[in-house]
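Work through the following exercises with the sequence and the three-dimensional view side by side. Try each task before you read its solution.

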Amino acid sequence: MKKSILFELKRIALPLCLFTAIATALYAAVALTTDYIGSNFYSPEHAVNTLTYIPAIILCILCVVTPALQFSYRMNKRSTDLWYALPIRRKNLLFVRFLCGFVLILIPYTVSYFLGFTIIACSENLFDLVWYVPLYFASLPAALCLFGINSFCFTRANTVFDGVLFMIALNVAPFMPYLFLYNNFHRYLPALARNSLNYLPIGAPIQIFTLFDTLILGATAHVSDNLILSCSICAAMSAAAYFGLFYTADKHKAENAGQISDSWFGYKILIPWYLFFSIADASSPVFLFFDSIGISLVQVLLIFVCALIAYFVYRRSFLLKKSDWLCLLLTFAASILCLFLLQNVFLPMLS
């Protein structure tokens with residue numbers, strides 16, 4: 001295991017230096033060209049531009065790029081044959097890749113963060129600078145959670161393209177039912193349930209950086225219920241992702257590399273999921289179809305065509321299986337029924 005880790009650290013040396021150089025150059029360039037004291041009608045001098053959004057962006061990008069870089073070996077037939085032929089268990093190999101992947105996130109983020117902080121501290125400002133330090137340590141658990149979630153999402157695929165698509169789609173998937181509930185029942189939702197960031201994995205780091213941004217500016221801030229809920233949901237997602245990532249590691253087959261991504265966390269669920277909620281959340285009532293053919297029909301048919309195209313991408317062919325057509329048509333029918341009942345039964349009852 002020790003030799004594997006040392007070899008992996010040598011292998012990632014070049015991207016590590018590249019990521020560090022890009023991250024530090026970006027943060028330093030912005031920090032050196034920003035004014036930290038502003039004025040307005042109410043105050044001649046006040047603190048502005050903490051730049052906390054820069055390390056937040058860097059951290060989130062690293063947590064997306066690194067899983068694709070570290071686990072793409074599972075997507076190529078030649079590389080899987082090579083790596084799986086080594087005298088190391090697949091779970092241990094995954095752990096080595098994961099551990100060094102977090103190093104690939106931690107070092108560029110740390111170097112860029114404290115270089116930017118040093119530049120800000122040496123510049124004329126009115127910040128409460130002490131809060132930059134706890135912000136760094138508070139962001140690390142969020143980074144670990146994001147990296148775990150994205151690693152699980154990416155490794156559900158058998159190709160790099162599918163892996164990147166799964167990362168995006170699975171991260172946004174919890175937002176779809178929230179959007180449906182908010183657009184139709186927002187008046188009946190508690191205030192805590194109305195914040196969309198609570199349901200997205202990226203919401204936790206965003207709210208953490210927002211909290212400390214307020215503290216750095218010298219204003220009063222406290223840990224809100226939204227922040228607690230967002231971090232709790234993100235932690236729960238990451239715990240499930242870590243379990244799934246390592247539990248399925250030894251079950252991964254080399255012959256799956258480059259093949260159709262048939263995981264239940266991939267196209268099989270994502271296409272029906274997005275199809276259902278996209279139609280169920282359509283703004284125009286479907287029950288008007290029989291009265292006039294308007295934008296409602298066009299909108300719904302366009303969503304259906306997009307889902308059909310997604311199945312073509314999934315199967316890499318225009319010839320779909322009977323099960324694909326059945327799933328597509330049943331989901332479409334269920335979403336139409338849901339929208340019909342929503343517009344004709346549930347919403348009128350509540351209004």
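The exercises below go from the whole chain to single pairs of side chains.

This is a predicted model, in which local features need pLDDT of at least 70 and side-chain atom pairs count only at pLDDT 80 or more, while totals for chains, interfaces and linings use all residues. Residues are numbered from 1 along each chain as its sequence is written, and side-chain values use heavy atoms, with hydrogens and water left out.

**Exercise 1. The chain as a whole**

Task: Find how many helices and strands the protein chain has, and what percentage of its residues is buried.

Solution: Begin with the secondary structure, where helices (H or I, at least four residues) and strands (E, at least two) are DSSP runs numbered from the N terminus. On this basis the protein chain has 13 helices and two strands. Next, turn to the extent of the C-alpha trace, which spans about 70 × 65 × 30 Å along its principal axes. Finally, consider burial, for which buried means under 20% relative accessible area, exposed means over 50%, and partly exposed lies in between (1.4 Å probe, protein chains only). Of the 351 residues in the protein chain, 45% are buried.

**Exercise 2. Aromatic rings**

Task: Describe how Y109 and Y136 are arranged as an aromatic pair, and explain which parts of the chain the pair ties together.

Solution: First recall that rings of Phe, Tyr and Trp (its six-membered ring) pair if their centres lie within 6.5 Å, and that planes under 30 degrees apart count as stacked, over 60 as edge-to-face and the rest as tilted. The structure holds 31 aromatic pairs. In the pair of Y109 and Y136 the centres are 5.8 Å apart and the planes make an angle of 15°, and the pair is stacked. Y109 belongs to helix α5 (residues 90–122) and Y136 to helix α6 (residues 132–155), so the pair ties together parts that are 27 residues apart in sequence. Both Y109 and Y136 are buried. As a last step, look for a cluster, and you will find F95, F98, F102, F147, Y242 and F246 linked by ring pairs.

**Exercise 3. Charges over rings**

Task: For R97 and for K268, name the ring that lies beneath the charge.

Solution: The test is that NZ of Lys or CZ of Arg is within 6 Å of the ring centre and within 35 degrees of the ring normal. R97 lies over the face of W83, at 4.4 Å from the ring centre. In the case of K268, the charged end sits over the ring of W264, 4.5 Å from its centre.

**Exercise 4. Cysteines**

Task: Explain why C63 has no bond to the sulfur of C60.

Solution: A disulfide is a covalent bond between the sulfur atoms of two cysteines, and here a pair counts if the sulfur atoms are within 2.5 Å. The structure holds zero disulfides. The closest cysteine sulfur to that of C63 belongs to C60, and because it is 6.6 Å away it is too far for a bond. C327 is likewise in no disulfide, the nearest cysteine sulfur being that of C338, 16 Å away. The surroundings can be added as a further step: C63 is buried, with a relative accessible area of 0%, whereas C327 is partly exposed at 25%.

**Exercise 5. Salt bridges**

Task: State how many salt bridges the whole structure has, and then place E8 and R11, D81 and K77, and R89 and D250 along the chain.

Solution: Side chains of opposite charge can pair when their charged atoms come close. The criterion is a side-chain nitrogen of Lys or Arg within 4 Å of a carboxyl oxygen of Asp or Glu, and a search of the whole structure finds five salt bridges.

1. E8 and R11 form a salt bridge whose closest N and O atoms are 2.6 Å apart. They are three residues apart in helix α1 (residues 2–11), so about one helical turn separates them. E8 is buried at 2% relative accessible area, while R11 is partly exposed at 31%. A network of salt bridges links E8, R11 and R97.
2. D81 and K77 meet at 4.0 Å, N to O, and because they are four residues apart in helix α4 (residues 77–84), about one helical turn separates them.
3. R89 and D250 meet at 2.6 Å, N to O. R89 lies in the loop between α4 and α5 and D250 in the loop between α10 (225–247) and α11 (267–280), so the pair ties together parts that are 161 residues apart in sequence.
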